[in-house]
Amino acid sequence: MKHMKVVTSGIDYIDTAVGGGIVKNSSLLVIYDSFSLGWALPFEILKHQISNGALGIIINYNLPLPRLILRANSAGLDIEEEGEKGNLVIIDVFGSRYGFHHPEEYVYRIEGFNPETYIPKLEQIYREIFRKTDKTEVVDFVFSLDGMAFEIGEDRSIKLIKRLLSNRIINGRHLFSLYLLGADRVSKGFLSWNIEFNDYVLEFSSKKGDYGISEQMYVLKSPLAKFEPKAYRYDTKHQNIMPLAAPRG
């Protein structure tokens, strides 16, 4: 680890919270609950990376493409614009599973999706993507792990993630991976495995009150020496954080 390269996430407060940035070729897991806006963070990070010249790849398990576009837009990422510019591609597992066909060149399908042939087909799509781009850095975003678990089951998903981790699909182009996980939709065991798999772990927790919804961000895991696990109040409106004060004893 002496020679590990640390890059910026693109968001200053995230870099600070995790101890200085994101180690190249690592992965960041964002966990959120049903009322949290933490799901927006990977889209925001991806937006920043694309603006800095990286190629963004979204593996979509969750939504029909028009709804994914709306979801990303609300987090500030314009999928259609970036896709047409060659800055972003979608591997549309959801559309492949449920028969949605999209003519856009930046949308890729996985024909006959099943766990046994998924890895080779995914590798083939990555090779096709790289033949069409001259970009040398890639950030991929799995939207989402709970969507994957719903489609093929948790046990198969865990085995599949292990295989993905052991396959250097992107090779030297990789910056880092983003994973999103809705905690309310999976078992504690599946949640635990994904915390184990990922190098960085952020958890967002919401609380409903009389005057709205408050949100906290827990920074649980980072490989950097300067990292300390901490809790923050997450300001969704201004996209910022504030350390939570320790209770007075």
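Residues count as buried when their relative accessible area is under 20% and as exposed when it is over 50%. With that in hand, helix 6 of this predicted model makes a good starting point. The helix spans residues 118–131, 14 residues in total, and its first and last C-alpha atoms lie 20 Å apart, close to the 20 Å expected at 1.5 Å a residue. Its buried residues are Tyr118, Ile119, Leu122, Ile125, Tyr126, Ile129 and Phe130. They cover an arc of only 135° around the axis, which places them on the same side of helix 6. Gln124 and Arg131, both exposed, sit on the face turned away from that buried side. The cover over the buried residues of helix 6 includes strand 4 (55–60), strand 5 (88–92), helix 5 (93–98), strand 6 (107–108), strand 7 (138–143) and helix 8 (154–166). Phe130 also has a charged neighbour: Arg173 lies over the face of its ring, at 4.2 Å from the ring centre.

Turning to the aromatic rings, the model holds 10 aromatic pairs. In one of them, the ring centres of Tyr13 and Tyr234 are 6.4 Å apart and the planes meet at 55°, so the pair is tilted. This pair joins distant parts of the chain, with Tyr13 in helix 1 (residues 12–17) and Tyr234 in strand 11 (residues 230–235), 221 residues apart. Both tyrosines, Tyr13 and Tyr234, are buried. For Trp39 and Phe43, the centres are 6.1 Å apart and the planes are at 80°, so this pair is edge-to-face. Trp39 and Phe43 are both buried as well, and ring pairs link them with Phe141 and Phe143 into a cluster. Arg71 lies over the face of Trp39, at 5.2 Å from the ring centre.

Note on methods: Residues are numbered from 1 along each chain as its sequence is written. This is a predicted model: local features need pLDDT of at least 70, side-chain atom pairs count only at pLDDT 80 or more; totals for chains, interfaces and linings use all residues. Side-chain values use heavy atoms; hydrogens and water are left out. Helices (H or I, at least four residues) and strands (E, at least two) are DSSP runs, numbered from the N terminus. The expected span of a helix is 1.5 Å times one less than its number of residues. Buried means under 20% relative accessible area, exposed over 50%, partly exposed in between (1.4 Å probe, protein chains only). The arc is that of the directions from the helix axis to the C-beta atoms. Contact means heavy atoms within 4.5 Å. Rings of Phe, Tyr and Trp (its six-membered ring) pair if their centres lie within 6.5 Å; planes under 30 degrees apart count as stacked, over 60 as edge-to-face and the rest as tilted. A charge sits over a ring if NZ of Lys or CZ of Arg is within 6 Å of the ring centre and within 35 degrees of the ring normal.
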